[in-house]
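Me: I am new to this structure and would like to learn how to read its features, one at a time. Could we go through them together?

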Amino acid sequence: MKWLLLIAVLVAVALLATRGIWRGPTDRAPPPPAARISADCEGPAEFAEAARANARDFAGLPWAPFGVEERGWDAYAPVIAREVGTDCAPDSPGFAAALARWQAGQKLPATGRVDAASFEKMRVAWMLRRPFVIATRQGQCPQAPAEATLAQARPEEGYWRKPVQLRPAALEAYRKLVAAARRDVPDLAADPELLTIVSGYRNPQADAARCAAAGNCGGPARANCSAHLTGLATDLYVGAAPGQDPTSSTDTNRSFQAQTRLYAWMARNAERFGFVGYPYEPWHWEWTGEPVTP
Ligand SMILES: [Zn+2]
């Protein structure tokens with residue numbers, strides 16, 4: 001009789017398990033999604049109108065926050081979200097509410113709308129987090145390090161195995177950032193080129209000659225003094241719009257990059273590894289762990 005009882009118990013357990021009534025300890029249902037975040041994001045109701053306006057402007061706002069005509073604030077959504085401390089979607093009332101809290105703290109009208117005045121405050125703050133910008137404010141250009149002191153990245157760390165040099169400590173910091181991103185962002189496993197280095201140290205004379213020849217110096221700043229001469233600046237592959245160069249500054253490309261999970265992660269986490277970005281170029285990241293002039 002014992003074996004009959006045993007079979008009955010096993011059948012009962014199997015039935016309950018297939019119906020999801022009883023689960024073993026290893027296949028327990030995952031915890032419910034972060035209800036607090038979604039609830040916060042759907043309200044408060046007073047920010048519904050601001051959220052609608054933000055949604056309209058997201059891809060439509062005509063402006064030139066970096067001195068170049070562009071459309072929409074979508075390319076900046078991840079860095080704005082980080083700045084105002086929200087995980088909510090850019091078109092949600094929760095996002096607008098977080099922005100309004102930030103605006104109030106900045107003594108700006110707390111509208112919850114992404115507007116030029118609020119963006120300008122953020123833009124200035126972002127620029128001032130870049131030691132290179134501080135170092136060049138008086139018009140002087142930092143010195144490049146002696147090339148013999150630079151470290152060579154491993155071939156697979158270069159975008160399509162392109163040779164790349166950086167200051168040794170900057171390369172170490174880059175490797176720590178990539179290791180963390182690999183743990184957190186599944187897209188990196190699917191595309192091994194992601195976060196490879198498109199450009200690191202650039203010899204200032206060669207850089208000036210190259211951009212002059214190509215007619216794309218982007219103004220005298222780059223022709224005479226690029227952040228890449230410091231050995232601290234990197235252009236990282238954060239994806240590219242179909243058919244576009246990974247460092248193309250078209251609206252299409254920058255908007256595409258800003259919508260990737262990798263860029264959202266970078267906006268939120270790169271600073272933990274000492275990297276600050278230049279939000280007009282989602283690919284450009286500067287390491288801040290050493291003085292700009294060696
Ligand atoms: Zn760059």
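**Strand E8 and the nonpolar core**

Reply: Six of the seven residues in strand E8 (residues 281–287) are buried, so this strand is largely enclosed by the rest of the structure. Buried means that 20 or more other C-beta atoms, placed from the backbone, lie within 10 Å of a residue's own, whereas 12 or fewer means exposed and anything in between partly exposed; strands (E, at least two residues) and helices (H or I, at least four) are DSSP runs numbered from the N terminus. This is a predicted model, where local features need pLDDT of at least 70 and side-chain atom pairs count only at pLDDT 80 or more, while totals for chains, interfaces and linings use all residues. Residues are numbered from 1 along each chain as its sequence is written.

Me: Which strands pair with E8?

Reply: Two strands pair if DSSP finds at least two bridges between them. Strand E7 (residues 275–278) runs antiparallel to E8 over four bridges, with Tyr 278 as the bridge partner of Glu 281 in E8, and a hairpin of two residues joins E7 to E8. Strand E6 (residues 233–236) is also antiparallel to E8, through three bridges, and Thr 234 stands opposite Trp 285.

Me: Where does the largest nonpolar core lie?

Reply: Such a core is a set of buried Ala, Val, Leu, Ile, Met, Phe, Trp, Tyr and Cys residues joined through C-beta atoms within 7 Å. The largest one here has 58 residues, and those with the most contacts inside it include Phe 95, Ala 96 and Leu 236. Helix H5 (residues 93–105) gives the most to this core, with seven residues. Domain 1 (36–128) and domain 2 (140–287), whose bounds come from an automatic or database domain assignment, both give residues to the core, so it lies between them.
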